[in-house]
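Q: Could you walk me through one small part of this structure up close? I'm new to this, so please explain the terms as you go.

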Amino acid sequence: MSRKVLLETKDLKLHFPTGKRKNGKPLTVKAVDGISLKIYEGETLGLVGESGCGKSTIGRTILKLYKPTEGRVVFDDNDITDYSTKQMMPLRQEMQIIFQDPYSSLNPRMTVGQIIGEALAEHGIYKAGSQELEDHVKKVMATCGVDDYMIHRYPHQFSGGQRQRIGIARALALNPKFIVCDEAVSALDVSIQSQVINLLADLQKEYGMAYLFISHDLSVVKHISDRIGVMYLGNLAELAPKKELYENPQHPYTKALLSAIPVTDLEVNRNKQRILLEGDIPSNVTPPPACKFNTRCPIAKDICRKITPEWEKVGEDHFVACHFKGAEIK
């Protein structure tokens, strides 16, 4: 039985003009530079990469918080790329986001009940101030592990973990089909991270939502994701089921990221090869030619600086863009 594609991006690009020119040509920030991926119903697609590679930007572009420069976004069999703000309004019930910072994303002048219930009243699901609205908000709060007696409290009266649960409750209240989790646990302590991750997994089992889980923590992504995409400088370097990616990485950048994961087993740690990347991430205004990773890649050759590698299938649901995929790094 084939899985239904809930969301698909086709060669999605988002370039921001800098207002500057070089050799007569306008310079742009290539935040997202040609991303094609599919997210299936009820699955979690993890997205990892170094800071500044475009992870959060692609999540917001998918939700039409940013207007794509090129490419298409298809959600639930509908091409929403050119949808206006008015056309997107009904879809806001089905596409939600959990922001990275649980404090700055919550209005400090609103109570928890008002924060969670605002969208419900805005979309006409419940009447503002009604008992039905309050009952639904309390139910969602309880589902997300927040006691309902806290409904009249303000964000500053909660801990970081509780505020993140409120952010999850706000996204969940509309019963969406798809949620972008933008670094949803990065600001939390490790013990609280595990609670929130387990909560997201439980909610997915109960309601069947799909997640785009954006993070720079490979251990967290491995725990929650079904498939994982590795981004570098606005492009996908590799995409594979999580077990396949961790056991058989093909791209040298993926191998470098995985080698950086801390290991508690001393014997394994002694024999582990740490791949150190030299230099800083290049500018996404003037990225390196051809393969963008060639300036830091330990196995790069002349072809990497002249020809852009194709996005190729190397296994079941396993894709990679590299001229020397699978090559051993010494």
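A: Happily! A strand is a DSSP run of E with at least two residues, a helix is a run of H or I with at least four, and both are numbered from the N terminus. This is a predicted model, in which local features need pLDDT of at least 70 and side-chain atom pairs count only at 80 or more, while totals for chains, interfaces and linings use all residues. Residues are numbered from 1 along each chain as its sequence is written, and side-chain values use heavy atoms, leaving out hydrogens and water.

Let's start at Val180, which lies in strand β7, residues 178-182. Val180 counts as buried because its relative accessibility is 1% (buried means under 20% relative accessible area, with a 1.4 Å probe and protein chains only). What surrounds this residue? Leaving aside residues up to four places away in sequence, Val180 touches Gly59, Leu63, Gln96, Ile97, Ile98, Leu212 and Ile214, where contact means heavy atoms within 4.5 Å. Look at Ile97 in that group: Val180 and Ile97 are 83 residues apart in sequence, yet 4.6 Å apart in space, C-alpha to C-alpha.

Now compare this single residue with a whole buried element, helix α9, residues 252-259. In α9, 8 of the 8 residues are buried, so the helix is largely enclosed by the rest of the structure. You can pick them out one by one: Pro252, Tyr253, Thr254, Lys255, Ala256, Leu257, Leu258 and Ser259. Their cover includes two helices, α7 (218-224) and α8 (242-247), along with strands β9 (227-232) and β10 (235-241).

Key: Buried < 20%, exposed > 50% of the residue type's maximum accessible area, 1.4 Å probe, protein only.
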